Amino acid sequence: EDKLIRQQIDYKTLIVNCVNPDNEKSPEIPVKALNCDTISQVKEKILDSIYKNVPYSHRQNASDMDLEWRQGRGARVILQDEDVTTKIENDWKRLNMLAHYQVPDNSVVALVPKQVTAYNSVNNSTVSRTSASKYE
């Protein structure tokens, strides 16, 4: 806890422009985020902006969505809190942030249905085997 409390964080405010999930041809929705926000925090901020007049119970869950960074000319990168690029310092795992991926101000992002990646399927299968063994 002391490590987290005493850590000095340098951050910048960014605007990420989110493609409207209901109509990709409509204008992008600007969302204010920090470059030190985790990917899950950014997804929540985007959902808050998109569904600001919708009851929480009627909106999509951030955990069911992936954040896709659209870099132009068809280049798309799925951003995740943890993946093969996640940094481990001593015994601490640092969740990926916008700064980790070097996402610049005014980038275009989109929330897309969650995709199964090799990293996620390895983690999920490990969890499944562990939890299944409790009942055998």
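In this predicted model, Val-16 has Val-31 of β2 as its bridge partner. The pairing extends beyond these two residues: β1 and β2 run antiparallel and are joined by six bridges.

Val-31 also takes part in an alternating pattern along β2. Ile-29, Val-31 and Ala-33 are directed to one face and are buried, whereas Pro-30, Lys-32 and Leu-34 are directed to the other and are not buried. In a regular strand, side chains alternate between the two faces of the sheet.

The helix α2 packs against this pair of strands. Its buried residues make contacts with β1 and β2, and also with β3, β4 (75-79) and β7. The helix comprises twelve residues and spans 17 Å from its first C-alpha to its last, close to the 16 Å expected at 1.5 Å a residue. Its buried residues are Ile-39, Val-42, Lys-43, Ile-46, Leu-47 and Ile-50. Viewed down the axis of α2, these residues fall within an arc of 135°, so they line one face of the helix.

These elements meet in the largest nonpolar core, which has 22 residues. Two or more of its residues come from each of β1 (13-18), β2 (29-34), α2 (39-50), β3 (65-72) and β7 (107-113), and α2 gives the most, with five. Ile-46, Ile-50, Leu-67, Leu-79, Leu-98, Val-109 and Leu-111 have the most contacts inside the core. In soluble globular proteins, nonpolar side chains tend to be buried together.

Leu-98 illustrates how the parts come together. Residues up to four places away in sequence aside, Leu-98 touches Leu-14, Val-16, Ala-33, Leu-34, Asn-35, Asp-37, Ile-39, Val-42, Leu-79 and Val-103.

Conventions: Residues numbered from 1 in each chain as written. Predicted model: local features only at pLDDT ≥ 70, side-chain atom pairs only at ≥ 80, totals over all residues. Heavy atoms only, no water. Core = buried A, V, L, I, M, F, W, Y, C linked by side-chain atoms within 4.5 Å. Buried < 20%, exposed > 50% of the residue type's maximum accessible area, 1.4 Å probe, protein only. Helix = DSSP H or I, 4+ residues; strand = E, 2+ residues; numbered from the N terminus. Contact = heavy atoms within 4.5 Å. Expected span 1.5 Å × (residues − 1). Arc of directions from axis to C-beta. Pairing = 2+ DSSP bridges.
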